[in-house]
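Biologist: I am new to this structure and would be grateful for a close look at a single part of it. Please consider the entry shown here before I put my request.

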Amino acid sequence: MLEAAVQVLEAEGAQRFTTARVAERAGVSVGSLYQYFPNKAAILFRLQSDEWRRTSALLRSILEESGTPPVARLRALIHAFIRSECEEATIRTALDDAAPFYRDAPEAAEAHAESTRIVEAFLLESAPRTSPAQRALAGDLMKTTLSAVGSSFSATPRTAIEIEAYADALADMMCAYLERLTGEG
């Protein structure tokens, strides 16, 4: 059913997204769909929640790899994030359109807090001599930049070569900033 919901979002957009369309695409009755999701907002929220979990898992799996130098981890994260944004551009755009259904949910705040904790822990490990205020600024810059740049760049279909070049350039900038924070740049 969630796969069908993604297909409907990609094909129809958030404005034309209905439980009836999802049920039809999934090949089930609307009644069956309602056994799992009471309304379209619940489906959209589940899709967004799954996206938040995937993003947190991506952050954690790369940034918490303490055997890898911090700059290499940041570079790997940027490449993985930009690729992911490009792969999921259609569904993300539709979920952004549907944000009013879930934007103020407590789970949204928790998802943002989780990603903030992961980035803060990475920065504390990477740049322990920086002040908490500097790390908070750096974390906010990293998250905001990745989100805004990833969204903007992925709004247009991109080739693998374009994605790689763009991710390299963004990684160069963000890694230079991290090196400056750590005193290595």
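How closely do the axes of helix 5 and helix 7 approach, and at roughly what angle do they cross? Please set that part in its surroundings as well.

Modeller: The model is a predicted one, and a word on confidence should come before the details. The protein chain has a mean pLDDT of 89, with 97% of its residues at 70 or more. Confidence is lowest in helix 6 (residues 89–97), where the mean is 74, and highest in helix 9 (residues 160–182), where it is 96.

As to the pair itself, the axes of helix 5 and helix 7 come within 10 Å, and they cross at roughly 150 degrees. Angles over 145 degrees count as roughly antiparallel, so helix 5 is described as roughly antiparallel to helix 7. On the side of helix 5, the contact is made by Pro70, Arg73 and Leu74; on the side of helix 7, Phe122, Glu125 and Ser126 make it.

Leu74 also leads to the interior. The largest nonpolar core has 27 residues, and Leu74, Ile78 and Ile82 are the ones that touch the most other members. At least two residues of this core come from each of helix 4 (40–63), helix 5 (70–87), helix 7 (106–126), helix 8 (132–154) and helix 9. Helix 9 provides the largest share, eight residues. Nonpolar side chains tend to be buried together in soluble globular proteins.

Ile78 shows the surroundings in detail. Beyond its neighbours within four places in sequence, Ile78 is in contact with Leu146, Ala167, Leu170, Ala171 and Met174. A further core, of 23 residues, lies apart from the largest one and includes Ala14, Ala23, Leu33 and Tyr102.

The cysteines deserve a separate remark. Zero disulfides are found in a search of the whole structure. The sulfur of Cys86 has its closest cysteine sulfur in Cys175, at 18 Å, which is too far for a bond; a disulfide would require the two sulfur atoms to lie within 2.5 Å. Cys175 is likewise in no disulfide. Cys86 counts as buried because its relative accessibility is 18%, and Cys175 is buried with a relative accessible area of 3%.

Finally, Ala176 lies in helix 9. Its relative accessibility is 41%, so Ala176 counts as partly exposed. Ala176 and His79 are 97 residues apart along the chain, while their C-alpha atoms are separated by 15 Å.

Terms used: Residues are numbered from 1 along each chain as its sequence is written. This is a predicted model: local features need pLDDT of at least 70, side-chain atom pairs count only at pLDDT 80 or more; totals for chains, interfaces and linings use all residues. Side-chain values use heavy atoms; hydrogens and water are left out. pLDDT is the predictor's confidence in each residue, from 0 to 100. Helices (H or I, at least four residues) and strands (E, at least two) are DSSP runs, numbered from the N terminus. Buried means under 20% relative accessible area, exposed over 50%, partly exposed in between (1.4 Å probe, protein chains only). A nonpolar core is a set of buried Ala, Val, Leu, Ile, Met, Phe, Trp, Tyr and Cys residues joined through side-chain atoms within 4.5 Å. Contact means heavy atoms within 4.5 Å. Axes are lines fitted to C-alpha atoms, for helices over the stretch in contact, and angles run from 0 to 180 degrees between N-to-C directions. Angles under 35 degrees count as roughly parallel, over 145 as roughly antiparallel, 65 to 115 as roughly perpendicular and the rest as oblique.
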